[in-house]
Amino acid sequence: PLPRLVKMLRLSVALGFVAATAEAFSPAALPHATRRAAATAPQMQLWQDGKVQGKGVTAIPYAGRPATPAFDGTWVGDAGFDPLVISGSLDMKWLREAELKHCRVAMLAAAGAMAQDVFQFPGASTVYNKADKLTKLHDKAVEKGSMGQILVFITLFEIFGTAAVIQMQQGSGRIPGDFGFDPLGFSKGKDKARMELAEIKNGRLAMLGFSGMIHHYFITGKGPIELITGQ
């Protein structure tokens, strides 16, 4: 029955938040963590925190680490996870660029999905119904023409982003995901390593989280906060 399914979905979301909170404060995520993880433990150290971070870390116990040059332990967020061995076929810089891009988009999407359950921008209610959310709101934005404006700005971002990636692939020395945008100076302090790891881990969580949010909406027609609170 639908009520029982909704209860199960709410429970899964709540457990996901608890797990994410526990992960954020785990010893592996703290700046002072220096102990190497066990060979079969799905944990990771900080980037260049005494030792290269990923060597010996295996996400899937007993499966072993992928035997590709990408898993040399020098990449941020290396957990030894690549069951399809994609890193053996594609350039690792390109793969990391793609992962960071999807991480950042997913974090914005997850934040937006939750924000629309909490408030509306002034004047938005005159154009859109408050009940219109996620995919339904997207369809209304296409109908009203506002999605075209967003498409123009995204196209501009993509043009500059593509140029940066091409230069990186040609040996410019650019680090994947680096667009020189850091107005708050997070990458300039002593916590740079922790911030790099936090971005990857939060981005991966956001990709999973938003996938859950959008599927909950397909089933219940409610946003994430609305689904949890039942209001």
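This report describes the helices, nonpolar core, salt bridges and surface of a predicted protein model.

## Overall organisation

The protein contains six helices and zero strands. Along the sequence, the pattern therefore reads α-α-α-α-α-α, with helices and strands being assigned as DSSP runs. Of the 231 residues in the protein, 28% are buried.

Among contacts with a separation of 6 or more, 48% are between residues 24 or more positions apart. The protein exposes about 15000 Å², and 67% of this area is supplied by carbon and sulfur atoms.

## The nonpolar core

The largest nonpolar core consists of six residues: Ala110, Ala113, Leu134, Met213, Ile214 and Tyr217. Two elements give two or more residues to this core, namely helix H2 (92-115) and helix H5 (192-220). The greatest contribution is that of H5, with three residues.

Ala113 is one of the core residues. Leaving aside residues up to four places away in sequence, Ala113 touches Leu134, Phe210, Met213 and Pro224. Both Leu134 and Met213 also belong to the core.

## Contacts of Met107

Met107 is located in helix H2. Is this residue buried, partly exposed or exposed? With a relative accessible area of 28%, Met107 is partly exposed, because that class lies between the limits of 20% and 50%.

Met107 has contacts with residues far along the chain: its C-alpha atom is separated by 7.6 Å from that of Asn202, although the two residues are 95 residues apart. When residues up to four places away in sequence are not counted, Met107 touches Glu199, Asn202, Gly203 and Ala206.

## Salt bridges

The whole structure holds 10 salt bridges. One of them joins the side chains of Glu97 and Arg174, with an N to O distance of 2.8 Å. Glu97 lies in helix H2 and Arg174 in the loop between H4 and H5, so this pair ties together parts that are 77 residues apart in sequence. Glu97 counts as buried because its relative accessibility is 9%, under the limit of 20%. Arg174 is likewise buried, with a relative accessible area of 13%.

A salt bridge also forms between the side chains of Arg204 and Glu99, at 2.7 Å from N to O. This pair links distant parts of the chain, since Arg204 is in helix H5 and Glu99 is in helix H2, 105 residues apart. Arg204 counts as partly exposed, at 25% relative accessibility. Arg204 and Glu99 also belong to a network of salt bridges that includes Arg96.

In a further salt bridge, the side chains of Lys140 and Asp132 meet at 3.0 Å, N to O. The partners differ in their exposure: Lys140 is partly exposed, with a relative accessible area of 28%, whereas Asp132 counts as buried at 7% relative accessibility.

## A nonpolar surface patch

Which residues make the nonpolar surface patch of about 700 Å²? The patch is formed by Val152, Phe153, Leu156, Phe157, Ile159 and Phe160. Val152 has its place in helix H4, which spans residues 146-169.

Terms used
Residues are numbered from 1 along each chain as its sequence is written. This is a predicted model: local features need pLDDT of at least 70, side-chain atom pairs count only at pLDDT 80 or more; totals for chains, interfaces and linings use all residues. Side-chain values use heavy atoms; hydrogens and water are left out. Patches are made of residues with over 30% relative accessible area and no salt bridge: like charges are joined within 9 Å, nonpolar side chains (Val, Leu, Ile, Met, Phe, Trp, Tyr) within 5 Å. Accessible areas come from the Shrake-Rupley method with a 1.4 Å probe; for residues, only the protein chains shown count as cover. A salt bridge is a side-chain nitrogen of Lys or Arg within 4 Å of a carboxyl oxygen of Asp or Glu. Helices (H or I, at least four residues) and strands (E, at least two) are DSSP runs, numbered from the N terminus. A nonpolar core is a set of buried Ala, Val, Leu, Ile, Met, Phe, Trp, Tyr and Cys residues joined through side-chain atoms within 4.5 Å. Buried means under 20% relative accessible area, exposed over 50%, partly exposed in between (1.4 Å probe, protein chains only). Contact means heavy atoms within 4.5 Å.
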